[in-house]
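Got the viewer open and a hand on the mouse? Let's take a short walk, picking out a few residues at each stop.

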Amino acid sequence: MDYVRLGGTGLKVSRICLGMMSYGSSAWRDWVLEYDAALPLVRRAVELGVTFFDTADMYSLGASEEVTGRLLRALFARREDYVLATKVYHPMGDGPNDRGLSRKHIMASIDDSLRRLGTDHVDLYQIHRWDPDTPIEETMSALHDVVRAGKARYLGASSMYAWQFAKAQQVAREHGWTPFVSMQPHYNLVYREEEREMLPLCLDQGVGVIPWSPLARGVLAGTRARGGARHTTRARSDTLADALYAESDFAVVDALTAVAARRGLPPAQVALAWLLRRPAVTAPIVGVTKSGQIDDAVAAVGVDLTDEECAELEAPYVPHPVLGH
């Protein structure tokens with residue numbers, strides 16, 4: 001495993017981040033694994049050197065944070081040995097203040113997340129989306145106070161327009177508040193719209209990039225096929241993937257399959273290797289529900305694709321509307 005700085009900070013993270021949405025309560029999603037089933041998979045990730053873990057309050061409506069906290073306490077001797085990230089924004093109840101990025105919701109949510117995680121701080125506290133109903137000044141001020149209180153070490157953001165991210169950063173700097181050090185965008189071989197503005201902005205400003213859905217919710221790993229075929233439980237029930245990806249994307253999958261076959265590697269490994277080669281990317285967030293998936297993800301760190309292979313992978317790309325915000 002390689003370890004790199006998260007953006008312009010001194011924080012070191014593993015080049016693979018384990019996405020903890022896969023663990024929590026199967027009552028939330030039928031493909032989610034509960035503690036006992038998750039333990040051997042997360043243990044294997046730790047054995048392979050993964051030290052970076054990403055969850056969110058809304059995953060399994062809090063159960064993911066609970067399971068994540070239990071797993072990390074069981075697998076690490078010290079809190080200092082891993083980097084823990086969670087998020088705030090999505091609804092956690094039926095009340096009008098149980099969602100969004102108001103000061104009220106942020107202050108309640110960080111305390112709830114810490115209680116569920118069983119820790120006194122998270123390393124990275126991220127806004128899960130942009131909140132059009134709350135002034136960004138209110139959000140950045142509240143997040144700054146979370147950091148000042150010692151409840152979070154760093155701040156991050158996820159999936160928004162580049163102008164929104166730039167505005168948030170400018171507001172923080174104008175007031176002397178804590179800026180974001182990371183961006184978690186929707187980015188993979190079949191969705192590359194972030195290359196237009198967000199990734200250049202992050203690269204220029206020294207912001208770490210930790211992409212979600214690096215395998216396009218299984219499209220790049222072979223869990224979906226042309227004509228609507230679905231090969232896994234998640235693929236059969238994941239309606240978001242149906243909205244994000246289209247038949248035209250399988251031209252990219254064909255190129256990926258060809259490059260992977262010549263290399264004698266699984267397509268998922270080559271897709272992650274391509275993403276890891278992108279200059280702005282710090283660590284893709286990889287979900288693991290089966291034995292061997294984490295081995296493939298970690299092995300991708302050592303795969304050095306040629307310029308010609310990357311050009312072959314990129315050539316069939318078809319522009320998409322902006323998706324995932």
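Start by selecting F53. Its relative accessibility is 0%, so F53 counts as buried. One thing to keep in mind as you click around: this is a predicted model.

Now add F76 to your selection. F76 comes out at 12% relative accessibility, and because buried means under 20%, F76 counts as buried too.

How do the rings of F53 and F76 meet, given the angle between their planes? A search of the whole structure finds seven aromatic pairs. In the pair F53 and F76, the ring centres are 5.9 Å apart and the planes are at 75°, so this pair is edge-to-face. Switch to a cartoon view and follow the chain: F53 sits in strand β4 (residues 52-54), while F76 is in the loop between α2 (63-75) and β5 (83-88). The two parts are 23 residues apart in sequence, so the pair ties them together.

Keep both rings on screen and select Y82 as well. F53, F76 and Y82 form one aromatic cluster.

**Charges over rings**

Next, select W28 and R29. Over the ring of W28 you'll find the charged end of R29, 4.0 Å from the ring's centre. Then jump to R192 and Y317 for another case. Here the charged end of R192 sits over the ring of Y317, and the distance to the ring centre is 4.9 Å.

**Two cysteines**

Select C17 and C202. Why is there no bond between the sulfur of C17 and the sulfur of C202? First, a quick reminder: a disulfide is a covalent bond between the sulfur atoms of two cysteines. The closest cysteine sulfur to that of C17 is in C202, but it is 16 Å away, so it's too far for a bond. C202 is in no disulfide either, and a search of the whole structure finds zero disulfides. Are these residues buried or exposed? C17 counts as buried, with 0% relative accessibility, and C202 is buried with a relative accessible area of 0%.

**Last stop: a pocket**

Turn on a surface and look for the second largest pocket, which has a volume of about 180 Å³. To find its lining, select M160, Y161, A162, W163, Y191, E193, E194, R196, E197, M198, V322 and H325. Try colouring these residues by class: the lining has seven nonpolar, one polar and four charged residues. Among the lining residues you can pick out W163, E194 and H325.

Note on methods. Residues are numbered from 1 along each chain as its sequence is written. This is a predicted model: local features need pLDDT of at least 70, side-chain atom pairs count only at pLDDT 80 or more; totals for chains, interfaces and linings use all residues. Side-chain values use heavy atoms; hydrogens and water are left out. On a 1 Å grid over the protein atoms alone, a cavity is a set of points where a 1.4 Å probe fits but cannot get out, and a pocket is an open set with protein on both sides within 12 Å along at least five of seven lines; lining residues have an atom within 4 Å of a point. Grid points are joined across faces, edges and corners, and a volume is the space filled by probe spheres set on the points. Ala, Val, Leu, Ile, Met, Phe, Trp, Tyr, Cys and Pro count as nonpolar, Asp, Glu, Lys and Arg as charged, and the others, Gly among them, as polar. Rings of Phe, Tyr and Trp (its six-membered ring) pair if their centres lie within 6.5 Å; planes under 30 degrees apart count as stacked, over 60 as edge-to-face and the rest as tilted. Helices (H or I, at least four residues) and strands (E, at least two) are DSSP runs, numbered from the N terminus. Buried means under 20% relative accessible area, exposed over 50%, partly exposed in between (1.4 Å probe, protein chains only). A charge sits over a ring if NZ of Lys or CZ of Arg is within 6 Å of the ring centre and within 35 degrees of the ring normal. A disulfide is a pair of cysteine sulfur atoms within 2.5 Å.
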